[in-house]
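Dear colleague,

I am passing on the structure below, together with the notes I made while going through it. Please read the notes with the coordinates open beside them.

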Amino acid sequence: MADKKTKSFILRVDADTMDAIEAWAADEFRSTNGQLQWIITEALRKAKRLPKKHTSKTEEES
């Protein structure tokens, strides 16, 4: 499996929103970072804006 590249950035969120995200993450047994990644991915998926996944030739032949 290919390594995923990640980029770090600073995100400013108001305290009430952060508290809600942290509580949601705890309910889902995720880290706060993992929860934010999931929220962003779901929003992109619903908006049909996720990049298309490329499959390698060996995966297509399997």
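Arg30 is partly exposed, because its relative accessible area is 31%, a value that falls between the 20% under which a residue counts as buried and the 50% over which a residue counts as exposed. Please keep in mind, here and throughout, that this is a predicted model. Arg30 forms a salt bridge with Glu28, and the closest N and O atoms of that pair are 3.9 Å apart, which can be set against the cut-off of 4 Å that the definition uses. Glu28, for its part, has a relative accessibility of 39% and therefore also counts as partly exposed. As general background, side chains of opposite charge can pair when their charged atoms come close.

How many salt bridges does the rule give in total? The count comes to two, and the other pair to look at is Arg45 with Glu42, where the closest N and O atoms are 2.7 Å apart. These two residues are three places apart in helix H2, which spans residues 32–46, so about one helical turn separates Arg45 from Glu42. Arg45 is likewise partly exposed, since its relative accessibility is 45%.

As for the overall layout, the secondary structure of the protein chain consists of three helices and zero strands, and read from the N terminus the order of the elements is α-α-α. The chain has 62 residues, of which 10% count as buried, and it exposes about 6,300 Å², with 54% of that area supplied by carbon and sulfur atoms.

Is Gln35, which belongs to helix H2, buried or exposed? Gln35 counts as buried, because its relative accessibility is 0%, and that value is under the 20% cut-off. When neighbours within four places in sequence are left aside, the residues in contact with Gln35 are Ile21, Trp24, Ala25, Glu28 and Arg30, so that both partners of the salt bridge between Arg30 and Glu28 appear in this list of contacts, which rests on heavy atoms within 4.5 Å.

Two patches on the surface may also deserve your attention. In one of them, Asp14, Asp16, Asp19 and Glu22 gather as a patch of negative charge; Asp19, one of these residues, is found in helix H1, residues 15–27, and counts as partly exposed because its relative accessibility is 46%. The other patch is nonpolar and is formed by Phe9, Leu11 and Val13, which together have about 300 Å² of accessible area. Val13 is found in the segment before H1 and, with a relative accessibility of 31%, counts as partly exposed.

Finally, there are two backbone values that you may wish to inspect in the coordinates. Phe29, although not a glycine, has a positive phi of about 55°; this residue lies in the loop between H1 and H2 and counts as exposed, because its relative accessibility is 79%. Lys48 is not a glycine either and has a positive phi of about 55°; Lys48 lies in the loop between H2 and helix H3, residues 57–61, and is exposed, with a relative accessible area of 74%.

With kind regards

Technical notes
Residues numbered from 1 in each chain as written. Predicted model: local features only at pLDDT ≥ 70, side-chain atom pairs only at ≥ 80, totals over all residues. Heavy atoms only, no water. Patch = residues over 30% accessible without salt bridge, like charges linked within 9 Å, V, L, I, M, F, W, Y side chains within 5 Å. Areas by Shrake-Rupley, 256 points an atom, 1.4 Å probe, with all protein chains shown as cover. Salt bridge = Lys/Arg side-chain N within 4 Å of Asp/Glu carboxyl O. Lys, Arg positive; Asp, Glu negative; His and termini not counted. Charge placed at Lys NZ, Arg CZ, Asp CG, Glu CD. Helix = DSSP H or I, 4+ residues; strand = E, 2+ residues; numbered from the N terminus. Buried < 20%, exposed > 50% of the residue type's maximum accessible area, 1.4 Å probe, protein only.
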